[in-house]
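These are my notes from a first reading of one structure. I set out to look up its aromatic pairs, a helix and a sheet.

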Amino acid sequence: MSTTPGFRTSMLIQQFTEHLRSELGLSPLTVASYTRVVTEWCRFTTAPDGDFRPTEADSRLVRAWAASMTRDGLSQRTVRWKLSALSAFYTYLVRRRGAERNPVEEVTMARMPKKLPAFIPADETAAALDSAEDQSDVSSFAEVRAALMVEMLYETGMRAAEMVSLRDDAVDTAAGQLRVLGKRSKERVIPFGPRLASLIDTYRSMRDTAGATVHGPGAPFFVRDDGQPVYYAMVNRAVHAALDGRVHSSRRSPHVLRHSFATDMLNNGADLRAVQKLLGHASLETTQIYTHISYSELLNNYELAHPRAQKSRRT
């Protein structure tokens, strides 16, 4: 059996890749991942004559591929994700290439238990951010930048990738809002308060003094000392430096601050749909997972504090 896609197969995968990139607006990382999955499927289903005939595949072949991946040691979560990527490929074939059906839709997978995202209690987050801000009051441009990154992640709930690509002209301290370009190239507006506005003004002033400001349309907001844009590892290091030794959560990534933003907003009475818009979630169901966190915290406090709940645990 051939393991190398032929010319026609390569063209088909290339057309699907272009569809993901230009029409759906998926990120380069997602496009690369989907392309890799379809290439793996191509290798698994290539006929003995070396021809790849995706429209002839049925649900039995999809199940066989899933079973093969499981035997190879892939987790159930990974198998489900790969089938989801394959389903996107067949959706493209049905809509654009005349395929009659999507065989992945005929395969029923066992439901995965929802894993609640990690978050940091509000009091621990506040203490860590206050400490980072205090240390940056009389420090270098790099330290002020790091403190602002951490504060902005928590106060706006933006993704680290959105922070890295944030444009300078998209941050308006007078209006107290910024514009971020999220997944599928969708722009959203996020408000922020005077505290963050003051930190931004301080950062911009030090950035100008350091000669690191980049002018012109599309100029990056967060830059290194030489004016080049920051990258993810810098954001991640800033978060770890601010949180290590100050919070009890075992996970201290930029995304945990996003989870904390959502959880704290809902715990303080924010409307679910408003939080959905702030986070840039396409589906309300994605945002609802944070209500589960809030309920878990509520239940835990009830069981610890209510005398009847304590009695029922002891019996």
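Before the first entry I fixed a term: a residue is buried when its relative accessible area is under 20%, exposed when that area is over 50%, and partly exposed in between. I also noted that the model is predicted.

Entry 1, burial of two aromatic residues. I looked up Tyr34 and found 15% relative accessibility, so Tyr34 counts as buried. I then looked up Trp81, which has 36% relative accessibility and therefore counts as partly exposed.

Entry 2, aromatic pairs. For this count I took ring centres within 6.5 Å as a pair, and planes over 60 degrees apart as edge-to-face. The count by this rule is eleven aromatic pairs. One of them joins Tyr34 and Trp81, with 5.9 Å from centre to centre and 75° between the planes, which is edge-to-face. I asked myself which parts of the chain this pair ties together. Tyr34 belongs to helix α2 (residues 28-45) and Trp81 to helix α4 (residues 76-96), so the pair links parts that are 47 residues apart in sequence.

I next examined Phe89 and Tyr90. Their ring centres are 5.5 Å apart and their planes stand at 70°, so this pair is edge-to-face. Phe89 has a relative accessible area of 0% and is buried; Tyr90, at 1%, counts as buried. I recorded Phe89 and Tyr90 as members of one aromatic cluster, which also holds Phe16, Trp41, Phe44, Trp65 and Tyr92.

Entry 3, helix α3. I checked the length of helix α3 (residues 59-71). Its 13 residues, at 1.5 Å a residue, should span 18 Å, and the end C-alpha atoms are 18 Å apart, so the two values agree. I listed the buried residues of α3 as Ser59, Val62, Trp65, Ala66, Ser68 and Met69. What covers the buried residues of α3? I found that the cover includes α2 and α4. After α3 comes Gly73, and I noted its positive phi, near 95°.

Entry 4, the sheet. I found an open sheet of three strands in the order β1-β2-β3, with antiparallel pairing. Which strands stand at the edges? They are β1 (171-172) and β3 (187-191); each has a single partner strand, so one side of each lacks a neighbour in the sheet. I then looked at how β1 meets strand β2 (residues 177-181): they run antiparallel and are joined by two bridges. For Asp172, I recorded Gln177 as the bridge partner in β2.

Methods: Residues are numbered from 1 along each chain as its sequence is written. This is a predicted model: local features need pLDDT of at least 70, side-chain atom pairs count only at pLDDT 80 or more; totals for chains, interfaces and linings use all residues. Side-chain values use heavy atoms; hydrogens and water are left out. Rings of Phe, Tyr and Trp (its six-membered ring) pair if their centres lie within 6.5 Å; planes under 30 degrees apart count as stacked, over 60 as edge-to-face and the rest as tilted. Buried means under 20% relative accessible area, exposed over 50%, partly exposed in between (1.4 Å probe, protein chains only). Two strands pair if DSSP finds at least two bridges between them. The expected span of a helix is 1.5 Å times one less than its number of residues. Contact means heavy atoms within 4.5 Å.
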